[in-house]
Amino acid sequence: MGFSDSAILVFGVGGQIASALRDLIPQATFISQSECNFAEPKSVVPLLDAKRPKLIINCAAFTQVDLAETDFESAQKINADSPAEIAKWCARHESSLIHFSTDYVYSGKGDQFRDETEPPAPINRYGMSKWLGDRAIIASGCHHIILRTSWVFSPVGKNFLKTMLSIGQQKEELNIVSDQIGSPSYAPHLAEAAIAIARHPDFKRHCGVFHCVNEGTTSWFDFARFIFSTAEEMQLPVRVKRVNPILSSDFISAAQRPLNSRLDTKKLERTFSISLPAWKQAVVECLTQLKSQNF
């Protein structure tokens, strides 16, 4: 790698991916929301002028999908305007940017794996805010790697796996959406991928969008069933005895969700020789960690 860990700055401390990065590169600079409020995009530049990083890894995001439908202004500032300021700063100072994006920038139509040439067509305002951020980074001219991922989970923060464990300790029967298909992606594996990219000898030679998800696809319904069956095998407390499949149309929410979040990762494998483990293996790793924490 052409720079030391101390030359790396990470936004989004406290979140799932940034927390995993802290375990991997503790000497990097980690910026909290109190130090730099992404809801005020102009606050980004003075901080970067003071820190002068050679690589920025942006994990900060407005991730409340339903809230973005009514508070698009906040979503746009955090997911688009602040990343745009970061990218412009990187372009001026010849620094690099690794930015985490989402499958929600796509329409979710069809049943095929989509690669990075798929035109973005977000179906909700959260997806639109993330696409505006991606577009601004690309337009800035800075050296960038945009990692589009999906269904992120970890032992840290709020995510589907931890929600299922919590609800599964309280209820015996659950209804889970079965017609949305994607790849559950483990934050520690995403963090490892980001660092492997940054340390790749050809890092500076490559620029653009890459899909980065754990291997394999599933539905939320089958994801939940695997969480519960594995938790039971590991003797974690689970009361749920029945999981019922329902359609997205049966689940009332403010924002529409993409039905097809299958992401082709061949470009990442071809360019950086990186592939993430199977999502089921990641679930076992996550549950093992949670068990050790007496979740």
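Me: What is the order of the six strands in the open sheet?
Reply: The model is a predicted one. Strands of a sheet pair through backbone hydrogen bonds, either parallel or antiparallel. In this open sheet of six strands the pairing is parallel. The order is β2-β1-β3-β4-β5-β10.

Me: Which strands stand at the edges of this sheet?
Reply: An edge strand here has a single partner strand, so one side of it is left without a neighbour in the sheet. That holds for two strands, residues 29-31 and residues 208-211. They are β2 and β10.

Me: By how many degrees are neighbouring strands of this sheet turned against each other on average?
Reply: The angle is taken with direction ignored. On average, the turn between neighbouring strands of the sheet is 20°.

Me: Which residue in β2 is the bridge partner of Phe-11?
Reply: Strand β1 covers residues 8-11 and pairs with β2 in the parallel sense, over three bridges. The partner of Phe-11 in β2 is Ile-31.

Me: Which strands does helix α4 touch?
Reply: Helix α4 is formed by residues 125-140 and packs on the sheet. Its direction makes about 160° with that of β4. The strands touched by α4 are β4, β5 and β10.

Me: What span should helix α6 have, at 1.5 Å a residue?
Reply: Helix α6 runs over residues 187-199, which gives 13 residues. The expected span is 1.5 Å times one less than the number of residues. The end C-alpha atoms of α6 are 18 Å apart, which agrees with the expected span of 18 Å.

Me: Are α1 and α6 parallel, perpendicular or oblique to each other?
Reply: The axes of helix α1 (residues 16-24) and α6 come within 8 Å and cross at roughly 60°. Angles under 35 degrees count as roughly parallel, and 65 to 115 as roughly perpendicular. The crossing of α1 and α6 is right-handed. Given their angle, α1 and α6 are therefore oblique.

Me: Which residues in α1 meet α6?
Reply: On the α6 side, the residues met include Ala-187, Leu-190, Ala-191 and Ile-195. These four are also among the buried residues of α6. From α1 come Gln-16, Ile-17, Ala-20, Leu-21 and Leu-24.

Me: Which residues of α2 make the contact with α3?
Reply: Helix α3 (residues 72-93) and α2 pack at an angle of about 35°, with axes 9 Å apart. The crossing is right-handed. Among the α3 residues in the contact are Ile-86 and Trp-89. From α2 the residues are Val-44, Val-45, Leu-48 and Asp-49.

Me: Is His-211 buried or exposed?
Reply: His-211 is found in strand β10. Beyond four places in sequence, its contacts include Tyr-106, Arg-148 and Leu-263. A residue counts as buried under 20% relative accessible area. The value for His-211 is 0%, so His-211 is buried.

Me: Where does Gln-235 lie?
Reply: Most residues other than glycine have a negative phi. Gln-235 is not a glycine, but has a positive phi of about 60°. Gln-235 is exposed, at a relative accessible area of 70%. Its place is the loop between α7 and β13.

Me: Is Asn-294 buried or exposed?
Reply: Asn-294 lies in the segment after α9. Its phi is positive, near 55°, although the residue is other than glycine. A residue counts as exposed over 50% relative accessible area. Asn-294 has 69% relative accessibility, so Asn-294 is exposed.

Notes: Residues numbered from 1 in each chain as written. Predicted model: local features only at pLDDT ≥ 70, side-chain atom pairs only at ≥ 80, totals over all residues. Heavy atoms only, no water. Pairing = 2+ DSSP bridges. Axes fitted to C-alpha atoms, helices over the stretch in contact; angles between N-to-C directions. Contact = heavy atoms within 4.5 Å. Buried < 20%, exposed > 50% of the residue type's maximum accessible area, 1.4 Å probe, protein only. Parallel < 35°, antiparallel > 145°, perpendicular 65-115°, else oblique. Left-handed = near helix turned anticlockwise from the far one by under 90°.
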